[in-house]
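Here is a quick briefing to read with the structure open beside it. Pull up the sequence and the model, and follow the bullets by topic.

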Amino acid sequence: MRTRKGIHSLKTLFVLGTIISLILIQTANAGIVVTGVTTNPCDGKRFMGFEEPLWKDKDPIASTIPGLQFTTTDGWDWVIGDFATGLYNGKFPPRGRYTSDGTKWAWLGSGQSQGRIDFTYGTAAYFSLLTSTESGLILEALDENNNVLDSATAAPNPRTGWLTRLTVNVSSPQISYIKVHDTGNFFLVDDICTDAPAGPSQVTGPAIIDYSPQSPVYDITWATRTFNITVNQSVDITWYLNGTEVQYDAAVTDSTYTVAASAGSWNITAVATNVNGTAMQVWDWIVTEPVYAPTITAYSPLSPAYDISGAARTFTVTVNQSVTVRWFINGTQVGYDDGIMESAYTNTNAEAGSWNVTAVATNINGTAMQVWDWMVTEPPTGPAIIDYSPPSPVNDTAGTIRVFNITVNQSVTVRWLINGTQVGYDEGVTESQYVNANAEIGSWNVTAVATNANGTAMQAWNWIVTEPIYGPSITSHSPASPAYDISGADRTFTITINQTVNVIWYLNDMQAYSQEGVTESTYTNTNAPTGSWNVTAVATNINGTAMQVWDWIVTEPIYAPAITVYSPESPAYDISGAARTFSVTINQTANVVWYLDGNQVLAEEGVTDSAYTNNNAIAGSWNVTAVATNANGTAMQTWDWIVTEPVYGPSITAHSPESPAYDISGATRTFSVTVNQTVNIVWYLNGIQVYMDEGVTDSAYTNTNAAAGSWNVTAIATNANGTAMQAWDWFVTEPVYAPAIIAYSPASPAYDISGAARMFNITINQTVNVTWYLNGTQVYSQEGVTESTYTNTSAARGIWAINAVATNINGTVSNNWIWNVSTHSQQGKINATIVIKPECLNLASKGKLTAFITLPEGYNVTNINLSTVVLEGAHAVKGVVSGKNGGTLIVKFNRQDLINISTGNAVVLTVTGKVLYEGAWVDFEGSDTIRVMEHGGCNDCATEDGHGECDGHGGCKDDDKCDGHDGCKEKDKCDNQNGCKDDEDSKSKDHSKDEQNPDKNMKDKKAKNNKSFNK
């Protein structure tokens, strides 16, 4: 009889010793596992729940969800389950072991082993689901060639009220279908999310999916550089260097361009084109001259250098780069300069001898060296400078004429040098002078070297030339002198000075007013008496004094006012929009009224100067009049003002965004301009035309998929009047992602004995701060790391939760471990009792092989880790517990997975695995002897007791165990009386017709399995 194992008949394969009430997040085979959740947020992907009102319990799903097809490995449909019917082992709480988001969920139906979900409208890059599982669940993503691209595994989570979120994710849409499976169909799934298309895909243009190198690219001149792109479609690719085509590749998906260039800034562009559209990649390529070692470009004196003992000698070098210079005499360091381009070493008391003077200039680029032979001799009768002028140091200001003199006790040749460069020469003299007629600012070394056959004498001066200190100067003043007023008038005198000064004002030599620490000063006399006055402003500081004097003539007002000065000349010409100022100066204080074409536009009272400014000239012919009036009469000035329209080129009056603009890759960005005239507008991206508008005043260019890099966006507006341009710097960067844990150790759960030291470690893909917690209490932290380790050196007995939380400005990620510490150490390997069926194995056949595992007293087979059970290289694919008190574990293996099996009548097959005992994993091992045939039929495989591998007609049938009376029962194990063995949940002979009725089958099993998912 055939055994059906489904959610209805779920049995406990694993017992969770402790349910940790923490949300655990970890990576399994690169897939993402999130435990302790109740909903699936989908992260912007398409969501598919199972709460649709039209769906009823046991309804097949098949292809009812657009883009997805649900099948099982046996070709059956997935079905809907509903906790609201009360027929299932949930919802937890209050009933049963399982839970879901809502009441409806999906499962494989009775008797299935693996579920499959195909993407019918195209491949996906992302898939996630929620699961409630008794025995753990594996989610696998596969491509069209059945290669596993990613997988994630959920641990058992019954009786928690939680769901586990499993996610598989790859870099590009490659997933063709999904497989979902466990060890015995003890799971349900809910809340599916995916980016698989829900309808037929549309034809899209080509896209550059990979390129190298990153932009900008830096090289030195004539270095060879290779640029590469990979495109998702077959395209023709054209390469451009600064807009000039340099290479063409037809019908390719990859293209490479290799070039070497001279120094400069280059634009490399690859344009990929086919009937679907165009894609482009642009690089900024910066080529610079190579870095060379430093070079000494100048030095003094020449080598060899000759001096007499006691002389002072200065050696100098000039280097073409900033360096550190060390000075050596005969190999001993005597001087040091750091970060300079010029250096000097002076020996102030030369000793007789032959000396080696070396200057070594060093930086990261290399080393340069200058060497002098320095011959110093005793001056037995050599010349001596017996007089000189001026004394040293010498201080002058720029532009000064300076004379240097020496007198020598012998006839000599005199050479004059400034900073080591010869500037003068006298031969056969005892007196010599050097005249510098225009001193330049700086610190100078002036040297007179007197030489004859007897030797050399030298006089050196330090000559410091600085800017001259000037006294203050009055840079402007008002009014002009003489100033005229009538008695009783107000008069203001002002000065502006080029330095901060104290100012004293005098009226006929009598101090009238003062100000301190100013650069502008004003004195006002509010009641001018008749007479001739002298007004003086004296400005003084430590640099000197400046003075301004006015003759101020105050008369009785006998005459009508007169306009003494006016501007501009009439007629005046301007263009529309210009600003124009008209001004008058009157010889008396008057009230001035201004008129524009007879309309008053300005009035000023009690002034001798008045101005009217029109800030926005309108085209036309205008009359401007200033009328000055006081008690003595009236004066008037009139202008003809001709304003014409200008001919202007176009102007960009508005634009957006501001430059520079910043985006992340893949973003959509719109650039726009508004122009004051109708124009044609051409848009360029890094010098390549990308768009054009004609006859417009507004234009916009939108880039819908920004690529990372530094871009120049330019809009050029043109018409018959001229051209206007707006340019943007556009910086596109990769988006910032939260940190991710890319490796961790050990695997969870971890097992130790009390007192042991255990190290936990994580590796993160970004620099983070890491905090470690033990059962929620902080125990350790590290800052600014990409790897962090926490070691517990004295493990105490118990089950501990270890949590590592990694945080930076981009986000937070954590990894969690369950740490099981027991008081028992690892025991030796225990012996298990193994029974292998069938007793005769045909290596030429396919199917399953069964091992019955019984452990010694005190060990419970429910604590066996099924993933560790191995039969001669074949790993367990399914397991079920039979009998009370953990009596027997029945494990299935694929025959084709067996490794190196010999043939014969007595072949020993060994089963190994691990069982949890008092908190520690213990190895077990056991063997059974069977008959193994290379080929053969039923008679060949028959055993002495009449039990063999046969179907109902005498032929072998895979993995079927038959009795001797009724043939095979569809892979079900039967006893010799044609009934079900008590260690199998099989479909009985009487119910063989209910293969499609899982409810009826479950009712048959309900009496035996009180832990089933059925109520």
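What follows is a short tour, going from the whole chain to single residues.

Keep in mind that this is a predicted model. The chain has 1015 residues, of which 44% are buried, and it holds two helices and 65 strands. There is one disulfide in the structure.

**The chain as a whole**

- The accessible surface adds up to about 48900 Å², and carbon and sulfur atoms account for 50% of that.
- Take the contacts between residues at least 6 apart in sequence: 62% of them join residues at least 24 apart.

**The disulfide and another cysteine**

- Which cysteines make the disulfide? The partners are Cys42 and Cys193, with 1.8 Å between their sulfur atoms.
- The link between Cys42 and Cys193 is left-handed, with -85 degrees about the S-S bond.
- Cys42 sits in the loop between β2 (31-37) and β3 (46-48), while Cys193 belongs to strand β13 (residues 187-194), so the bond ties together parts that are 151 residues apart in sequence.
- Both Cys42 and Cys193 are buried.
- Cys840 also counts as buried, because its relative accessibility is 3% and the cut-off for buried is under 20%.

**A five-stranded sheet**

- Five strands make an open, antiparallel sheet, and their order is β4-β7-β12-β9-β10.
- Which strands stand at the edges? They are β4 (68-72) and β10; each has a single partner strand, so one side of each is left without a neighbour in the sheet.
- On average, neighbouring strands here are turned by 15 degrees against each other, if you ignore direction.
- As a reminder, strands of a sheet pair through backbone hydrogen bonds.
- Strand β9 (residues 137-142) runs antiparallel to strand β10 (residues 148-154), and six bridges join the two.
- Within that pair, Leu142 is opposite Val148 of β10.
- The β9 and β10 hairpin has five residues between its strands, and Asn146 takes a positive phi there, near 70 degrees.
- β9 also pairs with strand β12 (residues 177-181), again in the antiparallel sense, this time over five bridges.
- If you want a landmark for the β9 and β12 pairing, look for Leu139, which stands opposite Val180 in β12.

**Nonpolar cores**

- In soluble globular proteins, nonpolar side chains tend to be buried together.
- How many residues does the largest nonpolar core have? The count is 33, and the residues with the most contacts inside this core are Trp78, Phe127, Leu129, Ile178 and Val180.
- Several elements give two or more residues to this core: β4, β7 (114-119), β8 (126-133), β9, β10, β11 (163-169), β12 and β13.
- Phe127 is a good residue to click on: leaving out residues up to four places away in sequence, the ones Phe127 touches include Ile117, Phe119, Leu139, Leu166 and Ile178.
- Phe127 also touches Cys193, one of the two disulfide partners.
- There is a second, separate core of 31 residues, and Leu841, Leu849, Leu889 and Leu909 are among them.

**Cis peptide bonds**

- Ser212 and Pro213 are joined by a cis peptide bond, with omega at about -5 degrees.
- You'll find Pro213 in the loop between β14 (208-212) and β15 (217-220).
- Ser392 and Pro393 are joined by a cis peptide bond too, with omega at about 0 degrees.
- Look for Pro393 in the loop between β26 (385-389) and β27 (394-397).

**Positive phi in loops**

- Trp222 isn't a glycine, yet its phi is positive, near 65 degrees.
- The place to find Trp222 is the loop between β15 and β16 (224-241).
- Is Trp222 buried or exposed? Trp222 is exposed, because its relative accessible area is 59% and the cut-off for exposed is over 50%.
- Asn900 has a positive phi as well, near 55 degrees, and it lies in the loop between β63 (888-894) and β64 (904-917).
- Asn900 has 76% relative accessibility, so Asn900 counts as exposed.

Terms used
Residues numbered from 1 in each chain as written. Predicted model: local features only at pLDDT ≥ 70, side-chain atom pairs only at ≥ 80, totals over all residues. Heavy atoms only, no water. Helix = DSSP H or I, 4+ residues; strand = E, 2+ residues; numbered from the N terminus. Buried < 20%, exposed > 50% of the residue type's maximum accessible area, 1.4 Å probe, protein only. Contact = heavy atoms within 4.5 Å. Areas by Shrake-Rupley, 256 points an atom, 1.4 Å probe, with all protein chains shown as cover. Disulfide = S-S within 2.5 Å. Pairing = 2+ DSSP bridges. Axes fitted to C-alpha atoms, helices over the stretch in contact; angles between N-to-C directions. Core = buried A, V, L, I, M, F, W, Y, C linked by side-chain atoms within 4.5 Å.
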